[in-house]
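Work through the exercises below with the sequence and the coordinates at hand. Each task is followed by a solution in steps.

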Amino acid sequence: MNSDWTGLNLADLVDLLEPLPEPEPVSMAPQTAGWIWLGLALLAISGLVVRWVRIWRRKTAYRRQALAELARCPDEASRLAGLLRRTALSAYPRAEVASLHGAEWLAFLDRAYGGSAFSEGPGWHLIAAPYRPETTQEPLKPLVRTWIKMHRVASP
């Protein structure tokens, strides 16, 4: 037994211990090229998705604007007819929409959303509204809301 250690208490012996060496820091960089390529691919896909969403939001801004105006508009056929006309002029080429009136206008509205409620249902009040007093008992707002949300615009 070594005589140098005699008379030392436990606290003195702990002080004689050498500290453990610290491990090398772990690198956060990817260790293989596959992770780098995957990261680049995810970054590119994210960029494309953000771009697509921005384009889609810009193209459908007129719908959100029309729905906001519809929420403030009373259920009057003449006001709703004007809102529908402005919305259609925003979504379709002017040459295709501006000259339509009467039954042709209602047929266009039906074709655009795939229903028949304009020419065969309460939608006919829209073309009669400027010429007669408001006598409709059927609410037109739900029909106009459906058309604004559901009409299909042909891609250019």
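**Exercise 1. The pair α3 and α8**

Within what distance do the axes of α3 and α8 come, and at roughly what angle do they cross? Classify the pair and list the residues that meet.

Solution. The model is a predicted one.
- Step 1: the two axes come within 9 Å, and the crossing angle is roughly 170°.
- Step 2: angles over 145 degrees count as roughly antiparallel, so α3 is roughly antiparallel to α8.
- Step 3: on the α3 side the contact is made by R63, A66, L67, L70 and A71, and on the α8 side by K141, V144, R145, I148, K149 and M150.
- Step 4: sorted by class, the residues of this contact are seven nonpolar, no polar and four charged.

**Exercise 2. The pair α2 and α3**

Determine how α2 is oriented relative to α3 and which residues join the two helices.

Solution.
- Step 1: α2 covers residues 33-59 and α3 covers residues 61-72; their axes come within 4 Å and cross at roughly 45°.
- Step 2: that angle makes α2 oblique to α3.
- Step 3: R57, R58 and K59 of α2 meet A61, Y62 and R64 of α3.
- Step 4: the class count for this contact is two nonpolar, no polar and four charged residues.

**Exercise 3. The chain as a whole**

Describe the secondary structure, the burial and the contact range of the chain.

Solution.
- Step 1: the chain has eight helices and zero strands, and its pattern along the sequence reads α-α-α-α-α-α-α-α.
- Step 2: of the 156 residues in the chain, 25% are buried.
- Step 3: take the contacts with a separation of 6 or more; 57% of them join residues 24 or more positions apart.

**Exercise 4. Helix α4 and residue L80**

Check the span of α4, locate its buried side, and place L80 in that setting.

Solution.
- Step 1: α4 has 15 residues, for which 1.5 Å a residue gives an expected span of 21 Å; the end C-alpha atoms are 21 Å apart, which agrees.
- Step 2: A77, L80, A81, L83, L84, T87, A88 and A91 are the buried residues of α4.
- Step 3: viewed down the helix axis, these residues fall within an arc of 165°, so they line one face of α4.
- Step 4: the elements covering them include α3, α5, α6, α7 and α8.
- Step 5: L80 belongs to α4 and is buried, at a relative accessible area of 0%.
- Step 6: beyond its neighbours within four places in sequence, L80 is in contact with L70, C73, P74, D75, L126, L140, K141 and V144.
- Step 7: from L80 to K141 the sequence separation is 61 residues, while the C-alpha to C-alpha distance is 7.4 Å.

**Exercise 5. Helix α6 and residue F108**

Compare the reach of α6 with the expected value, then describe the surroundings of F108.

Solution.
- Step 1: the twelve residues of α6 (102-113) reach 18 Å from first C-alpha to last, close to the 16 Å expected.
- Step 2: buried in α6 are W105, L106, F108, L109, D110, A112 and Y113.
- Step 3: their cover includes α4 (77-91), α5 (94-97), α7 (125-128) and α8 (141-150).
- Step 4: F108 lies in α6 and counts as buried, with a relative accessibility of 4%.
- Step 5: setting aside residues up to four places away in sequence, F108 touches A88, Y92, E96, V97, L100 and W147.
- Step 6: F108 and A88 are 20 residues apart in sequence, with 9.8 Å between their C-alpha atoms.
- Step 7: after α6 comes G114, which has a positive phi, near 80°.

**Exercise 6. The two sides of α8**

Which residues of α8 are buried, and which exposed residues does the face turned away from its buried side carry?

Solution.
- Step 1: K141, L143, V144, W147 and I148 are buried in α8.
- Step 2: down the axis of α8 they fall within an arc of 165°, so they line one face of the helix.
- Step 3: the cover over these residues includes α3, α4 and α6.
- Step 4: the face turned away from the buried side carries K149 and M150, which are exposed.

Terms used. Residues are numbered from 1 along each chain as its sequence is written. This is a predicted model: local features need pLDDT of at least 70, side-chain atom pairs count only at pLDDT 80 or more; totals for chains, interfaces and linings use all residues. Side-chain values use heavy atoms; hydrogens and water are left out. The expected span of a helix is 1.5 Å times one less than its number of residues. Buried means under 20% relative accessible area, exposed over 50%, partly exposed in between (1.4 Å probe, protein chains only). Contact means heavy atoms within 4.5 Å. Axes are lines fitted to C-alpha atoms, for helices over the stretch in contact, and angles run from 0 to 180 degrees between N-to-C directions. Angles under 35 degrees count as roughly parallel, over 145 as roughly antiparallel, 65 to 115 as roughly perpendicular and the rest as oblique. Ala, Val, Leu, Ile, Met, Phe, Trp, Tyr, Cys and Pro count as nonpolar, Asp, Glu, Lys and Arg as charged, and the others, Gly among them, as polar. The arc is that of the directions from the helix axis to the C-beta atoms.
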